[in-house]
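This report looks at aromatic pairs and at a nonpolar patch on the surface. Please look over the sequence and the structure before reading on.

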Amino acid sequence: MKKFIVETYYTCTFKTVHTLDDLNDKELSKIDGRNDGSVEVIDVKLNNRKTKKIGQGKKEEIKKVEMKNTLTENVSDNIQSKKNLINETQNYQKIKNKARFKMPDRRKGYIQKAQIGDHKVYLHTGEYDDGKIGEIFIDTNKEGELVKAMMNNFAIAISLGLQYGVPLEEYVDAFIDTKFEPSGNVLGNDRILSASSILDYVFRELAISYLGKEELAHTPSIAATKNLPQENTDDKFLKIVKNITSKGFVRSNLEEKLVDLSDVRINLKTKN
């Protein structure tokens with residue numbers, strides 16, 4: 001014998017009557033929160049009746065719980081994915097809006113003059129206080145105004161990239177071994193004897209001076225030919241000299257560039 005449950009649904013219309021001392025916006029805004037009003041039933045209507053088997057409600061409740069859990073998991077996944085997207089966007093904005101590390105007003109650096117074929121090239125560098133390169137300037141002779149303007153603007157673009165955090169290694173890998181005229185033997189540089197272009201020479205010089213890439217040099221460094229004592233590298237005097245000396249100029253061979261004046265005696269007394 002089957003058992004059924006009959007459910008009947010009614011629609012009830014009623015009204016709530018409140019008594020107000022004053023009729024104003026302040027009192028009207030508080031009506032929804034009051035529970036002291038009198039309720040009057042206006043109308044009651046029979047909507048419909050539904051019949052179902054006993055025990056059927058439990059299955060529907062289980063399905064509803066499963067659907068609720070599924071929806072909750074989907075919502076959680078969507079929220080997590082949106083959070084990840086927001087984090088990625090924020091990280092992208094941080095990278096996009098990365099601050100520019102401007103050069104100090106008074107800066108260190110060096111000037112290297114060299115000759116490639118019949119063309120003279122002057123490389124100017126600028127450094128931060130810690131010795132890291134931050135700008136370059138390239139001057140040439142026997143070139144037209146167009147080529148000089150292109151070289152100047154190219155140097156400005158490289159300088160801006162360095163100041164925004166682009167590693168010097170990236171530029172070295174991109175421009176080493178580029179080939180165009182002028183090219184050939186290099187005069188005036190003690191480490192580079194030939195270059196396939198001006199850009200090849202410039203970034204080969206920067207790689208040797210600031211990155212220590214000795215494999216790009218054509219002659220061995222002075223420091224490599226002598227066994228220098230390493231225990232004096234942390235000496236207080238050397239630290240002071242490092243702070244005021246261009247890293248690119250000395251090419252990290254600080255001991256070889258220093259002149260020992262400990263035995264020199266200078267009489268600074270003026271004659272009467």
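How many aromatic pairs does a search of the whole structure find?

## Aromatic pairs

The model is a predicted one. Searching the whole structure gives 5 aromatic pairs. One of them joins Phe 175 and Phe 203: the ring centres are 5.0 Å apart and the planes meet at 20°, so this pair is stacked. The cut-off behind that word is an angle under 30 degrees between the planes.

Phe 175 belongs to helix H4 (residues 168–175) and Phe 203 to helix H5 (residues 198–211), so the pair ties together parts that lie 28 residues apart in sequence. Ring pairs also link these two residues with Phe 154 and Tyr 171 in a cluster. Within this cluster, Phe 203 has a relative accessible area of 0%, and it therefore counts as buried.

## The nonpolar surface patch

Six side chains are named in a nonpolar patch of about 630 Å² on the surface: Tyr 10, Phe 14, Val 39, Val 41, Val 44 and Leu 46. Two elements, strand S1 (4–17) and strand S2 (38–53), each give two or more residues to this patch. The largest share comes from S2, with 4 residues.

Phe 14 is one of the patch residues and is found in strand S1. Is Phe 14 buried or partly exposed? Its relative accessible area is 49%, so Phe 14 is partly exposed. Exposed residues have over 50%, whereas patches take residues with over 30%.

Methods
Residues numbered from 1 in each chain as written. Predicted model: local features only at pLDDT ≥ 70, side-chain atom pairs only at ≥ 80, totals over all residues. Heavy atoms only, no water. Patch = residues over 30% accessible without salt bridge, like charges linked within 9 Å, V, L, I, M, F, W, Y side chains within 5 Å. Areas by Shrake-Rupley, 256 points an atom, 1.4 Å probe, with all protein chains shown as cover. Salt bridge = Lys/Arg side-chain N within 4 Å of Asp/Glu carboxyl O. Buried < 20%, exposed > 50% of the residue type's maximum accessible area, 1.4 Å probe, protein only. Phe/Tyr/Trp six-rings, centres within 6.5 Å; stacked < 30°, edge-to-face > 60°.
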